[in-house]
Every structure is written in C-alpha cells, then in structure tokens.
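Please work through the exercises below with the sequence and the coordinates open beside you. Each task is followed by a solution that proceeds step by step.

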Amino acid sequence: MAKAIINANRSQGAIHPNIYGHFSEHLGRCIYNGIYVGENSDIPHKNGMRTDVVQALKAMGIPLLRWPGGCFADTYHWRDGIGPKESRKKIVNTNWGGVTEDNSFGTHEFLELCRQLDCQPYISGNVGSGTVQEFSDWVEYCNMGGQSPMAEERRGNGQDTPWNVKYWGIGNEAWGCGGNMRPEFYADLCRQYATYLRNYDKDHKIFKIASGASVEDYRWTKVIMEQAGHLIDGVSLHYYTIPRSESWQDKGPATGFPRHEYFSTLWKTLRMEDLIENHSRIVRQYQGDRQVGLCVDEWGTWFDVEPGTNPGFLYQQNTMRDALVAAINLNIFNNHCDTVVMANIAQVVNVLQAVILTEGPKMLLTPTYHVFQMYKGHQGAKHVESYVETFLTGEGEYQVPNLHISASESKEGALITVANLDDRNSAELDCVLSGLGQGNAVEGRVLTGGCSAYNDFGSEGIVKPTALAAELTGNGFQATLPPCSVAAFTIK
C-alpha cells in the first residue's frame, strides 16, 4: 500500500485560477463550427456562439481563454475583424491549411464569447507583422472609457463601455513563427511595445506577457528577463508532449498506439517539472523587487492528425493517455503555483488536446475535459504540500513513477488529485492528512479505462467519471486506484 501525506502546514500559496486556462486559435475547426456558428445557423446558439459548447465550458469552470493565436496572432490585423461583417476583409490563413478567413469572428465576438463564459480574455497581439501603433490602438479600443478616437470607433461598432481586457501577450513564439527573432532583438521590441501598451483606468491595470521560450531555451528567458523584465508582468513558456519528438513529421497516432508510446508520452510530460523549475529560477534571478509570473500558455499533446483530415487542421482524438497528461501537468502547475500564474492547454475545441469535439450539431466531452472538471476545485484554493510513495513503471527507457499527486484546501474542504500511471496494476492508497483534521466525510471520483479508451460520436460516454469508494481511517482515508486512472478525493 502506497503511503500519501498531505501536509497542510506547508504551502506554495494560492493556486491561481488561470492555471486552468484554455487556448483558442483561428486554426482548423476550433473557432468556426467549434465555438462559433454565426447568427444564421440552425445549431442552437446565442449571438453565434454554440450553446452546447458554452454550457459545457462553463460547467468545467473555464477561467480564461487565449485568442487569436498562436501563429495566427502574428499575421492577424485586428481592424479586419471589426465593423459590419459584410465589409470585413477576407484573407487566407497561411499558417493553418490555406483556408479562407472571413473575419466574421473578431474582437467583439471573442469578448462576447468570454462574457457568455464568464471568463477572462487573454489577447495575443501582433508583433511579428504588425506595428506598435496597431497594437496600442487595439488596447485603447478595448479599454478606453473616456473620449478618444479608438473609444469612439468602438462605440460606433456597438460597444459603449470598455471591456477592460487585462491580459495581453506581446507577440507569440517570436523565436519561430512570430518572426524568427534573436532574443536580443525581441527583447528590444518587447521593451518598445510594453511602453506603448497603456493603462486607461487606474482600477484596471493590464498584465503584459512577453513571448517566452520554447522548451529548454533558457538563454531566451535569461535575455528577456535581463533586458525587458522590468517592463512585463509575465513571461510565457511553450512545451508540447510528442511521443516521437525526434521527428515532427511522424509524431505518433492519437489512438491505437503501442505500449512504449504510452510511456514515452508520460515520461516526456514529466519534463514539465524541470522546465518550470529551471525557467522560474531565471525569472526570480532577474525580476528584482517585482514579481514576474511564468505563463505556460501553450501545452498539451501533439499527435499525427486523424486519417483523412486536413493536415493543417491538427484534429486528433483524445484518450485516457491524454487524461493522464492533463492530470500530470495540472498537478505540476498546482505544486509550482508560487511561480506559475497561468497555463493554457492547446486547444479548447477540435484542435490538438481538445476538451470538446464537435461534428456538425453533435458535441462530445473528451477524457481531458473530465480531468479539468474533476480538478476545478483547485482553482483559487490554497495549495498544500503533498507526497506519495512511488515505484517506477514503464517499458524500456521510459520509466515513470506510478503515482502523481497534488492537493489544495479551500472553504469547501480539501481536494486531493492523484493519477495512477501504471497501465496494468491498481494502486492501494493510504492517505494521511496532517494539519487538516480527519474530516467528517470523503468523496472519491475516478476517470478510468484502458489507456487507449476514448469517446467518439455515437459512443460519447465510454470514458466519464464515476464514484470511487474511499474509507475514512483514524488519520485520513484509504482507496484503491484502478490502472490508468485519475482520481479526485474531496475531504469535508
């Protein structure tokens, strides 16, 4: 029996709700047909937003949504997406599939979506092909409450009051699709842009996020923090889990994968811990007397697209393997909430590790969705220290600990989330609660199935949470976790 200890006497602080953020890009069927169907669609909607998708995301507890990219952000000119829809410019999405983008979903539509979701918007601005003036005008258009040309233009387009958008990304992947820049060059641009992204209300200060590193490019983080850290509030980090990362052309299938790729996926996911610790160490070194947060604003699995689909649409299925990837990452973010202030899984609907898939009027919830719903009690809660005894399991060089854990405490009680990475063996858990008290009741839920199990249209309920028996002991509780499972225990 594995001993777990929850020590409420030690904490890394509050778990920022934005750690549970999501990412929506003009890519494939994420925006169009996934989120937005337009005002004339037969699919139930409100102001063009799919009712079923909005309701599902609200039930999951979405706190923040990033838009319009991704790589698309640095080719996006925001004025193309405002004003009467019949007069909006049509362009070609050169990043993703070469399809026509009619700009019917723009700033007003995105912020209407966030209003319906009751979540924070996070806008990535165009640094790669845009200008300082263009970006500055966008912030003014969204946030100016007084009299100004941008505020008057917004009012003319139907929005009287400012939206007061807080989170702004100063470009995206400036080291790659955002301009193939050197860190020194981007650091100077970041300083310039940050200077002109102004606050228009003393009660609504904006949060400026620099385009940060890819994976272990620690030099990028060092240069940005050293040269521009005094002008930003956050710096991003991008890391995708790819089973066969030796070749981007052959990443491995989303379903029907061999056992060693199940473990290579989990092994590579666990790298996130080292990346966060190492990048955070650099951020702390150069932040001075300010606090600059780490924003993991792109993460998740990246597999080969489903056979027969457009390669540029990045549509992939979502299995219990993805659920474990989500559980591991969210546990890591929880346990590093002293530095990680935001994380956005890629992407929210129909793209990469999506929480929702749609097909015409049909919608389904993926295993990853259920993990986010089971974990939502961590949002805003106090992180508490957790430890669990483990042994290594895996195949060949890919050996991983069989259990992975995080915990938090709020006025609703304590939430303990544990993943069993072993695909063949159950795990008996003896959890000791220190500083929490024994509790009067424990409630367990579990998401499980074979590591290749997934939900599909016509069989939407294959993978879904069910009750998990847990028994109170003199100093905690005991439970048995099935193989390849994610469990959540609520102590009241």
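## Exercise 1: Cis peptide bonds in loops

Gln347 belongs to the loop that runs between strand S14 (340-346) and strand S15 (356-359). The model is a predicted one, and the task is to describe the peptide bond from Ala346 to Gln347 and then the bond that joins Gly69 and Gly70.

Solution. Begin with the peptide bond from Ala346 to Gln347, which is cis and has omega near -15°. Next, turn to Gly70, which is located in the loop between strand S6 (64-67) and strand S7 (91-92). The bond joining Gly69 and Gly70 is a cis peptide bond, for which omega is about 15°.

## Exercise 2: Positive phi outside glycine

Find where Asn103 lies and where Leu314 lies, and decide for Asn103 and for Leu314 whether the residue is buried or exposed.

Solution. Step one concerns Asn103, a residue other than glycine whose phi is nevertheless positive, near 60°. Asn103 sits in the loop between strand S8 (100-101) and H2. Because buried means under 20% relative accessible area, Asn103 counts as buried at 0% relative accessibility.

Step two concerns Leu314, which is not a glycine either and has a positive phi of about 50°. Leu314 is placed in the loop between strand S13 (293-301) and H9, and at its 8% relative accessibility Leu314 counts as buried.

## Exercise 3: The surroundings of Glu112

Which residues is Glu112 in contact with, once its neighbours within four places in sequence are left aside?

Solution. Locate Glu112 first, in helix H2 (residues 107-117), and note that Glu112 is buried, with a relative accessible area of 16%. Then look at the side chains, where a polar contact of 2.8 Å joins Glu112 and Gln116. Finally, with the neighbours within four places in sequence set aside, Glu112 is in contact with Asn47 and Met49.

## Exercise 4: The packing of helix H10

Work out how helix H9 (residues 320-335) packs with helix H10 (residues 367-375), how helix H1 (residues 51-60) packs with H10, and how many of the nine residues of H10 are buried.

Solution. Take H9 and H10 first: they pack at an angle of about 30°, and their axes are 8 Å apart. Since angles under 35 degrees count as roughly parallel, H9 is roughly parallel to H10, and the crossing of H9 and H10 is right-handed. On the H9 side, the residues in the contact are Met320, Asp322, Ala323, Ala326, Ala327, Leu330, Asn331 and Asn334, and these meet Pro367, Thr368, Val371, Phe372 and Tyr375 in H10. By class, the residues of this contact comprise nine nonpolar, three polar and one charged.

Now take H1, which packs with H10 at an angle of about 45°, with the two axes 8 Å apart. That angle makes H1 oblique to H10. In this contact Ala56, Ala59 and Met60 of H1 meet Tyr369, Phe372 and Gln373 of H10, and the residues divide into five nonpolar, one polar and no charged. Phe372 of H10 therefore appears in the contact with H9 as well as in the contact with H1.

As a last step, consider burial along H10: eight of the nine residues are buried, so H10 is largely enclosed by the rest of the structure. The buried residues of H10 are Pro367, Thr368, Tyr369, His370, Val371, Phe372, Met374 and Tyr375.

Conventions. Residues numbered from 1 in each chain as written. Predicted model: local features only at pLDDT ≥ 70, side-chain atom pairs only at ≥ 80, totals over all residues. Heavy atoms only, no water. Axes fitted to C-alpha atoms, helices over the stretch in contact; angles between N-to-C directions. Helix = DSSP H or I, 4+ residues; strand = E, 2+ residues; numbered from the N terminus. Parallel < 35°, antiparallel > 145°, perpendicular 65-115°, else oblique. Left-handed = near helix turned anticlockwise from the far one by under 90°. Contact = heavy atoms within 4.5 Å. Nonpolar A, V, L, I, M, F, W, Y, C, P; charged D, E, K, R; others polar. Buried < 20%, exposed > 50% of the residue type's maximum accessible area, 1.4 Å probe, protein only. Polar contact = N/O pair within 3.5 Å; in protein donor to acceptor, adjacent residues only side chain to side chain.
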